[in-house]
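Q: Please go through this structure with me and set each term against its definition.

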Amino acid sequence: MTDSSRHRSTHFVRPARLEDARAIRTVARESWHAAYDDLLGPDTVEMMTDEWYALEGLRESIQSRDSHLFVAPEPDDDKPDRTDELAGFVHVGQWPDEPAVGHLARLYVRSGHWGCGLGTSLCDHGERAVEDDGYDRIRLEVFTTNERAIDFYEGRGYEPVAEVVEELEGETYRVSLLERSL
Ligand SMILES: CC(C)(COP(=O)(O)OP(=O)(O)OC[C@H]1O[C@@H](n2cnc3c(N)ncnc32)[C@H](O)[C@@H]1OP(=O)(O)O)[C@@H](O)C(=O)NCCC(=O)NCCS
C-alpha cells in the first residue's frame, strides 16, 4: 500500500455526460493557468485550451467507445449529478499504435482542490477502466518541470521511461514519459 492510497476512492467520480463538456473545459482552463502559466505563458495557455478543449471534440471523446472520461463533482456539492460545475476530470484510452499500452491522456483538478485526494480518486477510476479494457500498462506525458504532477505519479508507482522534446506554438519543451504496470 502506498502513501497516496490513504486517499483511495474517497471522492465520488462518475462517467462524463455530454452536458459536462462546458464544465470540463472550465476545469481544464483554470487548472492549465494554475499549472502552466509560468512555463507556457497565459496567452499560450488560453490558445491551447481553446484548441484542445473545443466543445465538439470533448463531446466526441465523451461518446467514444475507445476512451473513457470521468468527472469529479465539487466535493461539498449536495447535488453530485450537476453538470454546470465540476472539480476535476480524467481521460484515458489507448497509447497510439501500442495495443497493450493504455494512455492517461488528461488529469486535471481545479487548483483550489489540489492536495485533497481528488486526483487520486480520478486516477484510480482511469487506471481501473484501462485495466478492465485489457491493457497491461499505462503511460502518460508530463512536462519535465511539472514537479507536483511527477511527485503525484511517482507516488502511484509510475516510473520515467523516456524524455522527449516537444514543440508547442513554436517553442520547445522537455516532456517526460512515465509508465506503470496495471
Ligand atoms: C497533479 C494533480 C492531478 C494531483 O491531484 P491532487 O488532487 O492534487 O492529488 P491528491 O490530493 O490526490 O494527492 C495524492 C498524492 O500526490 C502527491 N502530491 C500531490 N500534490 C503534491 C505536491 N504539491 N507536492 C508533492 N506531492 C504531491 C502526494 O503524495 C499526495 O499524497 P498525500 O496527500 O498523501 O501526501 C493536480 O495537482 C493537478 O490537477 N495539477 C495540475 C494539472 C496537472 O499537472 N495535471 C497532470 C498533467 S500530466
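Q: What makes the approach of Cys 116 to the ligand a polar contact?
A: A polar backbone atom of Cys 116 is 3.2 Å from an oxygen atom of the ligand. A polar contact is a pair of N or O atoms within 3.5 Å; within protein, one atom must be able to donate a hydrogen and the other to accept it, and residues adjacent in sequence count only if both atoms are side-chain atoms. The pair at Cys 116 therefore meets the distance limit. This is a predicted model, in which local features need pLDDT of at least 70 and side-chain atom pairs count only at pLDDT 80 or more, while totals for chains, interfaces and linings use all residues. Residues are numbered from 1 along each chain as its sequence is written, and side-chain values use heavy atoms, with hydrogens and water left out.

Q: Which atoms of Gly 117 and Thr 120 approach the ligand, and at what distances?
A: For Gly 117 a polar backbone atom is 2.7 Å from an oxygen atom of the ligand, whereas for Thr 120 a polar side-chain atom lies 2.5 Å from an oxygen atom of the ligand. Taken alone, the ligand exposes 930 Å², and the protein buries 81% of that, with accessible areas taken from the Shrake-Rupley method with a 1.4 Å probe (for residues, only the protein chains shown count as cover).

Q: Where does the ligand sit, and which elements give two or more residues to the shell around the ligand?
A: The ligand sits in the largest pocket. The elements that give two or more residues to the shell are helix H1 (21-40), strand S4 (101-109), helix H4 (118-132), strand S5 (137-143) and helix H5 (147-155); helices (H or I, at least four residues) and strands (E, at least two) are DSSP runs, numbered from the N terminus. The largest share, 5 residues, comes from H5.

Q: Which residues come nearest to the ligand?
A: Of the 23 residues around the ligand, Gly 115, Gly 117, Gly 119, Thr 120 and Asn 146 come nearest. A residue is near a molecule or strand if one of its heavy atoms lies within 4 Å of it.

Q: Why is Arg 14 called buried?
A: Arg 14, which lies in strand S1, has a relative accessibility of 5%. Buried means under 20% relative accessible area, exposed over 50%, and partly exposed in between (1.4 Å probe, protein chains only), so Arg 14 counts as buried. The side chains of Arg 14 and Asp 20 are joined by a polar contact of 2.9 Å, and the C-alpha atoms of Arg 14 and Val 71, 57 residues apart along the chain, are separated by 5.6 Å.

Q: How do you know whether Arg 106 is buried or exposed?
A: Arg 106 is found in strand S4, and because its relative accessibility is 17%, Arg 106 counts as buried.

Q: What makes Leu 18 partly exposed?
A: Leu 18 is found in the loop between strand S1 (14-15) and H1, and its relative accessible area is 34%, so Leu 18 is called partly exposed.

Q: Why is Asp 97 called exposed, and what is its phi?
A: Asp 97 lies in the loop between strand S3 (86-94) and S4, and because its relative accessibility is 76%, Asp 97 counts as exposed. Its phi is near 65 degrees, a positive value in a residue other than glycine. Most residues other than glycine have a negative phi.

Q: How is Glu 169 classed, and what is its phi?
A: Glu 169 is placed in the loop between strand S6 (159-168) and strand S7 (171-181); with a relative accessible area of 43%, Glu 169 is therefore partly exposed. Phi of Glu 169 is near 50 degrees, a positive value in a residue other than glycine.

How values were computed. 1 Å grid on protein atoms, 1.4 Å probe; cavity = no way out; pocket = protein on both sides within 12 Å on 5 of 7 lines; lining within 4 Å. Sits in = over half its atoms within 2 Å of the grid points.
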